[in-house]
Amino acid sequence: MTSARLTFRPDGSAVCLHTELLPLGELGTLTVERNSEVEFNHVTQLWEVRRPGGSEVLFTHASRSACIEWEVTHLVP
């Protein structure tokens, strides 16, 4: 089962992993920022998770789905 978590900051803004499970647009104007990137490395033949614009590989796997799972588990606020 897929779940969604919405966290509110002291300033009233909310942070979450964007999902279609919650009608986020109904809360107001959205600001969407990538917390990570999942890209295929042609040299290693593996998928890699990195911070946007970063060079450090945070996680790597042959399966893109495994990288997405890792991303959700470790990088969601």
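## Exercises on a predicted model

By the sulfur-distance rule, the count of disulfides comes to zero. Keep in mind that this is a predicted model. Grab the structure and work through these.

**Exercise 1. Work out whether C16 and C67 count as buried, partly exposed or exposed.**

Step 1: recall the cut-offs: buried is under 20% relative accessible area, exposed is over 50%, and partly exposed sits in between.
Step 2: C16 has 24% relative accessibility, so C16 counts as partly exposed.
Step 3: C67 comes in at 0%, so C67 counts as buried.

**Exercise 2. Check the span of helix α1, then find its buried side.**

Step 1: α1 runs over residues 64-75, which makes 12 residues. From first C-alpha to last it reaches 16 Å, close to the 16 Å expected at 1.5 Å a residue.
Step 2: list the buried residues of α1: C67, W70, E71 and L75. These cover an arc of only 105 degrees around the axis, which puts them on the same side of α1.
Step 3: the general pattern helps here: an α-helix has 3.6 residues a turn, so residues three or four places apart point the same way.
Step 4: flip to the other side of α1, and you'll find E69 and T73 exposed.
Step 5: now see what the buried residues of α1 pack against: β3 (37-41), β4 (46-50) and β5 (57-61).
Step 6: finish at the N-terminal end of α1, which S63 caps. A side-chain oxygen of S63 lies 3.3 Å from the backbone nitrogen of S65.

**Exercise 3. Find the largest nonpolar core and trace the contacts of V49.**

Step 1: the core has five residues, namely V38, V49, C67, W70 and L75.
Step 2: ask where they come from: α1 gives the largest share, three residues.
Step 3: leave out residues up to four places away in sequence, and V49 touches, among others, V38, C67, W70 and L75. Its contacts also include S36, E37, E56, V57, L58 and F59.

**Exercise 4. Place N35 and describe its surroundings.**

Step 1: look in the loop between β2 (14-16) and β3, where N35 sits.
Step 2: with a relative accessible area of 33%, N35 is partly exposed.
Step 3: not counting residues up to four places away in sequence, N35 touches R51, P52, L75 and V76.
Step 4: zoom in on R51: its side chain and that of N35 are joined by a polar contact of 2.7 Å.
Step 5: compare sequence with space for N35 and H74: they're 39 residues apart in sequence and 11 Å apart, C-alpha to C-alpha.

Methods. Residues are numbered from 1 along each chain as its sequence is written. This is a predicted model: local features need pLDDT of at least 70, side-chain atom pairs count only at pLDDT 80 or more; totals for chains, interfaces and linings use all residues. Side-chain values use heavy atoms; hydrogens and water are left out. Helices (H or I, at least four residues) and strands (E, at least two) are DSSP runs, numbered from the N terminus. The expected span of a helix is 1.5 Å times one less than its number of residues. Buried means under 20% relative accessible area, exposed over 50%, partly exposed in between (1.4 Å probe, protein chains only). The arc is that of the directions from the helix axis to the C-beta atoms. Contact means heavy atoms within 4.5 Å. A polar contact is a pair of N or O atoms within 3.5 Å; within protein, one must be able to donate a hydrogen and the other to accept it, and residues adjacent in sequence count only if both atoms are side-chain atoms. A nonpolar core is a set of buried Ala, Val, Leu, Ile, Met, Phe, Trp, Tyr and Cys residues joined through side-chain atoms within 4.5 Å. A disulfide is a pair of cysteine sulfur atoms within 2.5 Å.
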